[in-house]
Amino acid sequence: MPTAAAADGTRAVTFSHNNLVNIHSTPGNPGGSTADPRFTDRTGALPDGLRLHTGSPALGAGTAVAADVDNDLYGNRVADPPSTGAYQGPGVEGATPDPVGPVVAGLANGGFEQGLADWSTRNATAATDARTGSGALRLNAPAGNFATAEQTVSGLKPDTVYELSGWIRSDGSPTTLGAKGFGATKDSRVSATTWTRTALRFTTGANNTTATVYCYREKPGQASCDDLELTESGPRAALTSKVKVGFGGSFTTATGYTPSTGENVNGTLSRMSGGEQFDGGAVTLGGGGQGITYSPREPVSDGKYLTKNILSEALVRRAAGAKLDFDTVLGLAGGGYYRYRSGSQSVTQFGMYGPEAPWYEQQQDGPDLSSDAYTHVALAYSTTGTTGPGVARLTAYINGCQAGTALVNRVAAADAAKGVLAFGNDAGTRNRGLHGSLDGITVVTYTGAVTPDDFQLTAPGSGCGDGTPPLPPGCEDDPGTSGPVTPSSVITVATCDRPDRILEKAAHVVPDAKQLAWQQKELTAFVHYGMNTFTDKEWGDGTEAESVYNPTGLDPDRWMASLKAGGFKQVILTVKHHDGFLLYPSRYSDHSVKNSPWWQGGANPKGDVFGAFVKAARSAGLGVGVYLSPADGAEIPAAGHRGKGRFGNNSAKKTVTIPTLVDGDDRTPATTYTYRADDCNAYFMNQLYELLTQYGQIDEVWLDGANPWAGQYDQPYQTTDWYDLIGKVAPRANVAINGPDIRWVGTETASGRDDEWSVIRATPSPATVTTTWWSRPRATTSPPGTSSPPTTRTTSPGTRRSRTFPSGPAGSGTPPRTAR
């Protein structure tokens, strides 16, 4: 770091003997060091970007050699040369653990670049098939014996949390990374045949200053270990219990929970809807608006951010056979969550929201939860402030084992629910209820660093691994399929296929013709010009009068000219949002442009807004898509709503013919389609038929999955019937978001991740898939456009498939990111 501009940009100063990151000493930098200086943000993206943490070895280590230096870069007084220290401030308190510069403990040669130096071994050799660098550890366990490599690390702090991480490549049998001799033993097991990261946390005893790290294999066979790291996370956690309930008490009112002996409620425990059922010390939830909320007596937020470190736990069992949709297990005031992906019946996700750009959301996938037994789910949230580098950290645990890796955001998690924590629902939206039961819940606040040893509820099972279960019955002697894999948009995964075979198949999954055409368009614009434009609302409720809709200068031709000049090749119009107002004259509703002043009694050539939109798009050479919301506030069966009461009215299914001809209908369809549908789904499919048969070719149908009134007006969506109808009347159209062709990018923040993979699991058949609100991040070592499907085996009989589901636009008002 030889030169640096002063804060006012008017002078420069030259330093020598400054500590650098991974840059060895050079003639231009005498005395340079490779020690980690522990910057608060190595990217320098923030004003505090080059401030140093309190433990930085660079504090006071440098020497200013230029003359006339009055202050350092941050305004701290610098003495007359020769002075020491490029930064004279006291250092910045970092997160625990330091989110960008963890304190490295004394594990030597963890990357095995010096062979087996510093390691005591048995049946182990140095190897060259490294994950990184040129060296790795090879374990060669013979029959009747084991293989191991151990190293005792000294100089550790008592009562301190350390994290041990590393990469293992096994042969299908467990290989263990662990630590012992610190007052206990902790380990994590990996069976995967590809390099897999694993990590564990342990806490040293009150008098322990050493620990022995080991990579171990008990069963005969080979495995490799590489890139082992031991870092200090922080002091042992100090816990403050807020609530611990096994539901042995009772609710005397909606909010008046009376704890049983041994239970603790420091605040208010409430039922969300009052319909939650208590039976045998557990609470059963039916989804929708049901759940349990906890309002702490001591606030955990400042109204905008979650400002307390929180450990939230639950024992949960999902309901067998229930259809899941964003079913939420844990909610941290609307800012953090553990839930099922929207529409997915087998994939969970954990994440946190920040309240300000550009750090809105971080998330990762997690495993399915059991319907046969209770699963322990925990979220550990910590924050070192409200904004800045690495200030918020979220770690998820399943049955005491860490799920994925810790999420770090540069802004504290959002407080969208006024500091209310939730179990079995989201405290912010309050419409993502769990279908299942809770057997116990706890919340503690803490200082320091938590580990599974701090959990207040007992986690089932023992030992942690990579989530790879034993082979299915009958697969011990069946290696699965073999031979060349033919590229296809759907590839069947046999029951006994091993993980490396599944990875090979996933790499051969390619888009079908429709999906490829969509990807080649690259930019699709989304246009909203409905009722909300005139009411200045994000979501209307269907009570708006048709007279409110009255444009004064609607000119779709200008829209298309601007979009085409910007490089867009397709454009989607929101023909109906959740308020239910239609931008075309439907036969099935009076709540449309036909009854607005814009219609002008049919004299306005642009009165049919969608018709004018389609005509302008085609004239500009742009593809056309349609967004049609199944949620319909106008159709809510309540006074003041403008429809006919067809949404959430609990009507029975009956045989319907699509299109359903009405009085004065002049259509004579050559083909009709018969379904069993309730009032709402029949209405929706008739609208789909109109839009897809009256306006020429439609290239994309965007189907939302939201229901803003869930819990009050629950409405099942017959997505399989929708897909069937669309496929028959518009076979060239991609069905997006809540559909089988293009999935949601996973965020509405107007930006997606740099890499967004398209290959995901489809079970049991792509023809019936509804789990398309799916965003599966992968390691940066994977080539763009490829991804391995989940290696967790399903418990249901039959086959699994990997399928390409490109991700759709990132946010409903902006062009999409290109899916790769």
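How many helices and strands does the protein have? Here are some notes to help you find your way around.

1. **The overall make-up.** The protein has seven helices and 44 strands. Please keep in mind as you look that this is a predicted model.

2. **Inside and outside.** The protein has 820 residues, and 52% of them count as buried. About 33200 Å² is exposed, with carbon and sulfur atoms supplying 49% of that area.

3. **Contacts along the chain.** Take the contacts between residues at least 6 apart in sequence: 66% of these join residues at least 24 apart.

4. **How confident is the prediction?** The mean pLDDT is 79, and 75% of the residues reach 70 or more. Confidence is lowest in strand β4, residues 83-84, where the mean is 34. At the other end of the scale, helix α6 (residues 679-693) has the highest confidence, at 98.

5. **Stretches to read with care.** Residues 466-470 have a pLDDT below 50, and the model gives this stretch 10 contacts beyond near neighbours in sequence. Residues 807-820 also stay under 50. For residues 807-820, the model has 56 contacts beyond four places in sequence.

6. **A first helix pair to look at.** Two packed helices are described by the angle between their axes and the distance between the axes. Try this on helix α4 (residues 556-565) and helix α5 (residues 609-619): their angle is about 40 degrees and their axes lie 8 Å apart. Angles under 35 degrees count as roughly parallel, so α4 is oblique to α5. The crossing of α4 past α5 is right-handed. If you would like to find where they touch, α4 brings Pro-556, Asp-557, Trp-559 and Met-560. These meet Ala-612, Phe-613, Ala-616 and Ala-617 in α5.

7. **A second helix pair.** Now turn to α6 and helix α7 (residues 719-729), which pack at about 20 degrees with their axes 10 Å apart. With that angle, α6 and α7 are therefore roughly parallel to each other. Here too the crossing is right-handed, as α6 passes α7. On the α6 side, the residues that meet α7 include Phe-684, Met-685, Leu-688 and Leu-692. Their partners in α7 are Asp-721, Trp-722, Leu-725, Ile-726 and Val-729.

8. **One last thing to connect.** Which helix has the highest confidence in the protein? That is α6, the helix you have just seen packed with α7.

Note on methods: Residues are numbered from 1 along each chain as its sequence is written. This is a predicted model: local features need pLDDT of at least 70, side-chain atom pairs count only at pLDDT 80 or more; totals for chains, interfaces and linings use all residues. Side-chain values use heavy atoms; hydrogens and water are left out. Helices (H or I, at least four residues) and strands (E, at least two) are DSSP runs, numbered from the N terminus. Buried means under 20% relative accessible area, exposed over 50%, partly exposed in between (1.4 Å probe, protein chains only). Contact means heavy atoms within 4.5 Å. Accessible areas come from the Shrake-Rupley method with a 1.4 Å probe; for residues, only the protein chains shown count as cover. pLDDT is the predictor's confidence in each residue, from 0 to 100. Axes are lines fitted to C-alpha atoms, for helices over the stretch in contact, and angles run from 0 to 180 degrees between N-to-C directions. Angles under 35 degrees count as roughly parallel, over 145 as roughly antiparallel, 65 to 115 as roughly perpendicular and the rest as oblique. A crossing is left-handed if the near helix is turned anticlockwise from the far one by less than a right angle, and right-handed if clockwise.
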